[in-house]
Amino acid sequence: MSETIKTDVLIIGAGPVGLFAVFELGLLDIKCHLVDILDKIGGQCAELYPEKPIYDIPGIPLITGHGLSDALMEQIKPFNPTFHLGEMVTSVEKLGDAQFRVGTDRDKVFECKAVVIAAGGGSFQPKRPPINGIELYENKSVHYAVRKMDAFRGKNLIIVGGGDSALDWTLNLQPIAKRLTLIHRRDDFRGAPDSVNKMRALVAEGRMDLKIGQVTELEGADSQLVAATVKDKDNALVRIECDAMLPFFGLTMKLGPVADWGLKMENGLIPVDLSSFETNIPGIFAIGDINTYPGKLKLILSGFHEGALMAQKAHHYVYPDKRLVFQYTTSSTNLQKKLGVA
Ligand SMILES: Cc1cc2nc3c(=O)[nH]c(=O)nc-3n(C[C@H](O)[C@H](O)[C@H](O)COP(=O)(O)OP(=O)(O)OC[C@H]3O[C@@H](n4cnc5c(N)ncnc54)[C@H](O)[C@@H]3O)c2cc1C
């Protein structure tokens, strides 16, 4: 049974632009839910450059991607948005005037008065390792994300990769797996040194295995893996029995399902009206890196501006009978009350 959640606005994407949209909408008494494929907020800032400094956020001379995500979360706290992370919006349907139904790949259904697409470069999708026939096992016994740890309890697991995701899941799943083997092409890991040390300690204690080499072949039937063959550093082939394999080879960005929602598109981007950042479908807005218009710059500050103008028009759909009065946060007691500072 799918759950139906009613909200004023559904925001697709919890990157910096989706997050700031919550603030601009919140000032106008508009409640939001946000959905993001990633299991964390922050979009590209959190996923691609969390530790890198950003120098062009107005009024903030230097802030990291992670720092900006945290600061935006603090700024939108008064509006108490609800996040649905690790979930992809797969469908957007117009039901009538100011009424939309939005569905996710986890069978959640939202009904809302406006939709804000803040989907950036599209969906982050896992990179598929170059192993013949791997797609035959995907989602049954090859998984690129861990949605429920318990699904791997008592299983013979193979984790492939040398970054933080591979190491973190090795440490988290080792205690519940029957046996866990971490496979990496070289004996040098990109992940946090502390995680590498913990993993090596488990190997030294005989509680898991580490194999240096590359998976070259998978064995199984009806999408169920039974073994993987690893070519080790001496080119010897080693067969490892397994029930499931979790490759963590990083993420790549693809447009994803946005292209199927009946919106006008130009080169994978959504053209918008410049006064409101509304798409060709009234009530659906596109802000941030996902939109296009003459002179568009894919900068965070552009997305913030777009969010402010979008909110003015979204107000019209959420409160069709209410007149909107422009106010400054500096001088409006009304806005300050909403922010919890007056
Ligand atoms: C290395 C690097 C350095 C950068 N440096 C700067 C800089 O110094 N200054 C600057 O202004 N900009 C910089 N940028 C660009 C900046 O990061 C982007 O402009 C900004 O992230 C766009 O924000 P957004 O919220 O529009 O999209 P994103 O940050 O891409 O977030 C979009 C979110 O939408 C989610 N999503 C997509 N499709 C769906 C779906 N169907 N369902 C659910 N969720 C979905 C994605 O998972 C993602 O989390 C840099 C970018 C990179 C890669």
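**View 1. Strand E3 is mostly covered in this predicted model.** Strand E3 spans residues 32–36, and five of its five residues are buried. The side chains fall into two groups, with Cys32, Leu34 and Asp36 pointing one way from E3, while His33 and Val35 point the other way, and all of these residues are buried.

**View 2. Strand E3 pairs with strand E2 and with strand E6.** Strand E2, made of residues 9–12, pairs with E3 in the parallel sense over four bridges. Within this pairing, Ile11 has Leu34 of E3 as its bridge partner, and Leu34 is one of the residues that point the same way as Cys32 and Asp36. Strand E6, which covers residues 82–85, also runs parallel to E3 and is joined to E3 by four bridges. Here His33 stands opposite Thr82 of E6.

**View 3. Helix H1 belongs to a β-α-β unit with E2 and E3.** Helix H1 consists of residues 16–27, and together with E2 and E3 this helix makes a β-α-β unit that is right-handed.

**View 4. The ligand is surrounded by 33 residues.** Among these residues, Asp36, Gln44, Tyr49, Asp56 and Asp289 come nearest to the ligand; Asp36 is also a buried residue of strand E3. A polar side-chain atom of Asp289 lies 2.8 Å from an oxygen atom of the ligand. Backbone atoms take part as well, since a polar backbone atom of Val17 is 3.1 Å from an oxygen atom of the ligand, and a polar backbone atom of Pro16 is 3.5 Å from an oxygen atom of the ligand. On its own the ligand has 1000 Å² of accessible area, and the protein covers 87% of this area.

**View 5. The cysteines form zero disulfides in the whole structure.** Cys45 is in no disulfide, and the nearest cysteine sulfur, which belongs to Cys32, is 19 Å away. With a relative accessibility of 1%, Cys45 counts as buried. Why does the sulfur of Cys112 make no bond with the closest cysteine sulfur, in Cys32? The two sulfur atoms are 10 Å apart, which is too far for a bond, because a disulfide requires cysteine sulfur atoms within 2.5 Å. Cys112 is likewise buried, at a relative accessible area of 2%, and Cys32, on strand E3, is buried too.

How values were computed. Residues are numbered from 1 along each chain as its sequence is written. This is a predicted model: local features need pLDDT of at least 70, side-chain atom pairs count only at pLDDT 80 or more; totals for chains, interfaces and linings use all residues. Side-chain values use heavy atoms; hydrogens and water are left out. Buried means under 20% relative accessible area, exposed over 50%, partly exposed in between (1.4 Å probe, protein chains only). Two strands pair if DSSP finds at least two bridges between them. A crossover is right-handed if, with the strands pointing away from the viewer, the path from the first strand over the helix to the second runs clockwise. A residue is near a molecule or strand if one of its heavy atoms lies within 4 Å of it. A polar contact is a pair of N or O atoms within 3.5 Å; within protein, one must be able to donate a hydrogen and the other to accept it, and residues adjacent in sequence count only if both atoms are side-chain atoms. Accessible areas come from the Shrake-Rupley method with a 1.4 Å probe; for residues, only the protein chains shown count as cover.
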